[in-house]
Amino acid sequence: MAESKYIAYVGTYTHGSSKGIHIFDLDVEQGRMTERKVVPINNPSYVTIANNGKFLYSIADEGVEVFQIEENGDLIPVDTASIQGMRGCYLETDSKDQLLFIGGYHDGKITVMRLNEDGTFGPILDGIFHKGLGSVAERNFRPHISCATLTPDEKYLCVVDSGVDHVNIYRIDPHNGKLSLIDMLHCELEAAPRHMLFSDDGRFAYLICERKNYVMVYSYDGSDKNPQFEMIQMTSTLDDIHATGCAAAAMKFSPTRDYLMCSNAGDNSVCAFKVNKETGMLKREFVLPVSGEYPKDIDMFPDSRHLFSLNHESNTITFFRVNYEKKTMVMNGKGIPIETPNCVVVKKL
């Protein structure tokens with residue numbers, strides 16, 4: 001039986017030497033990766049793969065761009081479209097790849113776009129600007145959407161707003177893609193919620209908060225007329241001794257889904273939580289350094305035993321062997337250079 005091959009797509013900012021999306025071949029056994037090529041695109045600050053595995057969607061200066069994923073993992077440009085707003089920072093498709101949800105950090109706008117069967121962009125179906133005031137001057141007192149993720153039953157869209165410290169819950173009309181606001185999860189003032197994930201069984205949601213450096217765990221039930229979210233835990237991504245000026249950044253499940261891994265900028269560390277799949281609760285296992293500055297994104301190799309960190313300010317990707325039993329994360333060879341890496345997705349070929 002042929003060994004499975006994997007590839008990683010790393011989005012960057014292209015105001016320096018980087019030219020676009022970097023394609024890496026993964027060596028799962030060694031926990032390393034090798035750059036294959038760079039696909040030109042302006043500032044691909046966030047990328048996502050369609051659920052059918054055929055297309056990669058990317059933020060771009062022009063709005064959004066889609067690439068066809070070849071059998072060997074190469075990318076072929078297919079289409080671009082305007083989102084009729086400022087630059088986006090987050091993308092997600094529904095399970096049928098019929099809708100694309102685009103979160104706007106700079107203008108606080110959530111955009112819903114129709115997708116065609118061939119992966120190309122259809123019309124914009126809805127666009128809503130968040131309103132409200134925050135309290136932190138650096139964030140200009142205004143909405144900043146950082147994530148827009150579907151509930152697993154796809155009845156609702158959870159739009160995370162780090163500028164005004166809440167998550168807007170929208171009902172989605174499956175026919176026309178229109179959004180209607182039906183609920184709101186309020187966070188602590190200046191918590192800056194950043195990213196939301198759901199458990200595989202759909203019963204729990206995990207919300208990481210950038211400025212307060214913690215993960216909030218919610219139970220979720222979408223079986224009634226309206227969604228039911230209840231917070232059941234709040235737990236820090238930092239150790240008791242840590243750097244000042246920290247900001248929680250990335251949050252990813254391990255491929256086995258047994259662990260939730262979170263990165264901390266400022267502290268320049270990764271926190272590993274053991275996930276209790278019955279209760280949804282998190283148990284912090286370790287917080288260890290990433291040997292780089294500002295781990296903007298992280299991900300794991302398919303064996304769940306190797307992790308890599310995209311260090312946005314030191315312009316590197318660093319690699320680690322993870323031993324959950326010993327609660328260690330040991331550097332695995334030298335880091336590799338890449339300018340302003342911002343996001344990554346891993347795909348099985």
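## Lys 327 and its partner Glu 285

Lys 327 has a relative accessibility of 36% and therefore counts as partly exposed, since that class lies between the buried limit of under 20% and the exposed limit of over 50%. In this predicted model, the side chain of Lys 327 meets that of Glu 285 in a salt bridge, with an N to O distance of 3.9 Å. The pair links distant parts of the chain, 42 residues apart. Lys 327 lies in the loop between β26 (316-323) and β27 (328-331), whereas Glu 285 belongs to strand β23 (residues 282-289).

## Glu 285 and Lys 283

Glu 285 also forms a salt bridge with Lys 283, where the closest N and O atoms are 3.0 Å apart. Glu 285 has a relative accessibility of 16%, so this residue counts as buried. Lys 283, by contrast, is partly exposed, with a relative accessible area of 48%.

## Arg 36 and Asp 25

A salt bridge joins the side chains of Arg 36 and Asp 25, at 2.6 Å from N to O. This pair, too, links distant parts of the chain: Arg 36 is in strand β3 (residues 32-40) and Asp 25 in strand β2 (residues 20-27), 11 residues apart.

Arg 36 has a relative accessible area of 29% and is partly exposed. Asp 25, at 30% relative accessibility, likewise counts as partly exposed.

## Network and total

Asp 25 and Arg 36 belong to a network of salt bridges that also includes Lys 37 and Asp 74. In total, the structure holds 14 salt bridges, among them the contacts of Glu 285 with Lys 283 and with Lys 327.

Notes:
Residues numbered from 1 in each chain as written. Predicted model: local features only at pLDDT ≥ 70, side-chain atom pairs only at ≥ 80, totals over all residues. Heavy atoms only, no water. Salt bridge = Lys/Arg side-chain N within 4 Å of Asp/Glu carboxyl O. Helix = DSSP H or I, 4+ residues; strand = E, 2+ residues; numbered from the N terminus. Buried < 20%, exposed > 50% of the residue type's maximum accessible area, 1.4 Å probe, protein only.
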